[in-house]
Amino acid sequence: MKVIVVGAGYAGTYAANRLAKKVKAAEITVINPRPDFVERIRLHQRVAGTAAAAKPLTSMLRDGITSRVATVDKIGDGVLTLGDGTSADFDYAFLAVGSTVTPLPETVPVGTWEGAEQGRAALAALPAGSTVTVIGGGPTGIETASEVAAARPDVRVRLVGPSVADCFSHEALRRVRAGLARLAVDIVDDGVTSVTGGGVHLRSGTALASDLTLWAIISGVPDLAARSGLEVNSEGRAIVDEYLRSVTDDRIFAVGDCAAVPGARMACQSAEPQAAHAADNLARLVEGHKPRPFTPRYLALGVSLGRKDAVAQFTHLDDTLRRAYIAGRTAAVVKEGACRGATFGARAAIGA
Ligand SMILES: Cc1cc2nc3c(=O)[nH]c(=O)nc-3n(C[C@H](O)[C@H](O)[C@H](O)COP(=O)(O)OP(=O)(O)OC[C@H]3O[C@@H](n4cnc5c(N)ncnc54)[C@H](O)[C@@H]3O)c2cc1C
């Protein structure tokens with residue numbers, strides 16, 4: 001049985017390793033544009049120079065799994081076409097191409113490897129007294145602004161978004177904003193309309209001077225599913241059945257950020273359980289059993305605030321917020337453990 005995994009992020013790597021463990025006869029090939037496994041949840045650290053955020057993909061895959069550096073252009077009908085024009089056939093595939101960014105011109109995106117590299121070089125070259133603007137008031141923006149502020153106390157950092165930290169409940173939001181203030185991050189609660197000539201233009205009409213402007217919003221998914229004729233939702237995410245198979249082609253499992261799984265947010269906390277479940281479902285099919293429906297389950301919503309502070313708010317299983325949260329050094333240790341666990345989990349492929 002030939003299985004191809006498209007994309008070697010958290011979901012793809014987890015799915016490949018899990019399947020290799022469960023179905024010894026499977027011939028598994030992982031296709032990824034880079035020879036590295038990018039720890040995407042550490043890309044803000046890459047920008048700030050506090051983590052490498054990548055390791056050789058081969059070190060992340062179990063023995064027997066083949067990896068191929070390429071980009072998939074089209075997938076369907078048991079065949080996929082690669083960027084170099086060659087094709088490969090499969091019995092089953094996992095679509096795990098993650099999500100992407102649509103940065104405003106003159107901004108540097110944090111959410112891709114190439115953007116993070118560009119951001120790292122630009123930040124390293126900034127003299128003391130410069131101003132860094134981070135656009136995006138969600139978890140990625142908060143983590144980026146605080147990581148840069150902690151690593152470069154000699155530059156001024158501001159975080160701009162229409163409602164910074166409003167993904168948290170009132171008390172946790174106040175603690176996140178207090179943590180940002182402690183790191184001397186200026187919070188600007190406003191939307192950005194454009195960035196031109198080093199000026200960040202706000203909806204309110206104000207223009208702010210900025211020496212480096214980082215785009216910290218994850219906003220879309222690669223168009224591979226749509227381009228291949230798989231049914232997608234309005235965001236371009238592949239629509240799946242309750243077993244995580246594309247509703248257009250049941251040989252294709254879609255997992256992680258690129259899959260439209262009802263009730264799931266874009267997070268490692270979503271990607272890895274989906275990957276485990278989809279791999280287990282394929283193993284069940286191979287053994288002649290019925291696949292099992294997937295239900296997303298959550299534990300917490302967390303942000304790091306540099307390396308020494310964090311806020312982690314507990315959630316109900318359905319991802320609605322509980323009141324309780326932890327903050328400070330304990331939360332920072334928990335958050336770091338979660339980041340390490342995400343990479344370890346993808347390699348070890350334990351649990352379901
Ligand atoms: C700075 C930052 C901090 C974050 N922090 C957290 C956090 O603390 N907790 C959390 O849960 N989530 C966090 N996230 C979100 C998290 O990174 C994503 O939800 C997660 O990476 C999704 O995993 P994935 O495997 O679906 O996609 P990805 O990890 O993005 O992997 C997708 C892979 O597919 C490859 N690919 C793309 N197109 C193709 C193609 N055509 N052919 C072949 N391969 C392709 C990509 O190159 C990539 O290797 C953060 C994100 C960012 C940017």
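**Note on the ligand shell, the cores and E147**

1. Helix α7 is the leading contributor to the shell around the ligand, giving three residues. The model is a predicted one. At least two shell residues each come from α1 (10-22), β2 (27-32), α4 and α7.

2. The shell around the ligand holds 16 nonpolar, 10 polar and four charged residues. Of the 30 residues around the ligand, the nearest are A11, N32, D257, C268 and K335.

3. Three polar approaches to ligand oxygen atoms deserve a look. For C268, a backbone N or O atom is 2.7 Å from a ligand oxygen. For N32, a side-chain N or O atom is 2.8 Å from a ligand oxygen. For Y10, a backbone N or O atom sits 3.1 Å from a ligand oxygen. On its own the ligand has 990 Å² of accessible area, and the protein covers 86% of this.

4. The largest nonpolar core has 60 residues. L19, I28, V30, I75, L80, F94 and L95 touch the most other members. Helix α7 (residues 268-286) again gives the most, here with eight residues. A separate, second core has 35 residues, including V155, V157, V303 and L305.

5. F94 merits its own check. Beyond four places in sequence, F94 touches residues including V3, V5, L19 and F253. A278, A279 and L282 are also among its contacts.

6. E147 belongs to helix α4 (residues 139-151). Is E147 buried or exposed? E147 counts as buried because its relative accessibility is 2%, and the cut-off is under 20%. Its side chain makes a polar contact with the side chain of R307, at 3.0 Å. Other residues touched by E147 include H44, Q45, A48 and S304.

Conventions: Residues are numbered from 1 along each chain as its sequence is written. This is a predicted model: local features need pLDDT of at least 70, side-chain atom pairs count only at pLDDT 80 or more; totals for chains, interfaces and linings use all residues. Side-chain values use heavy atoms; hydrogens and water are left out. Helices (H or I, at least four residues) and strands (E, at least two) are DSSP runs, numbered from the N terminus. Buried means under 20% relative accessible area, exposed over 50%, partly exposed in between (1.4 Å probe, protein chains only). A polar contact is a pair of N or O atoms within 3.5 Å; within protein, one must be able to donate a hydrogen and the other to accept it, and residues adjacent in sequence count only if both atoms are side-chain atoms. Contact means heavy atoms within 4.5 Å. A nonpolar core is a set of buried Ala, Val, Leu, Ile, Met, Phe, Trp, Tyr and Cys residues joined through side-chain atoms within 4.5 Å. A residue is near a molecule or strand if one of its heavy atoms lies within 4 Å of it. Accessible areas come from the Shrake-Rupley method with a 1.4 Å probe; for residues, only the protein chains shown count as cover. Ala, Val, Leu, Ile, Met, Phe, Trp, Tyr, Cys and Pro count as nonpolar, Asp, Glu, Lys and Arg as charged, and the others, Gly among them, as polar.
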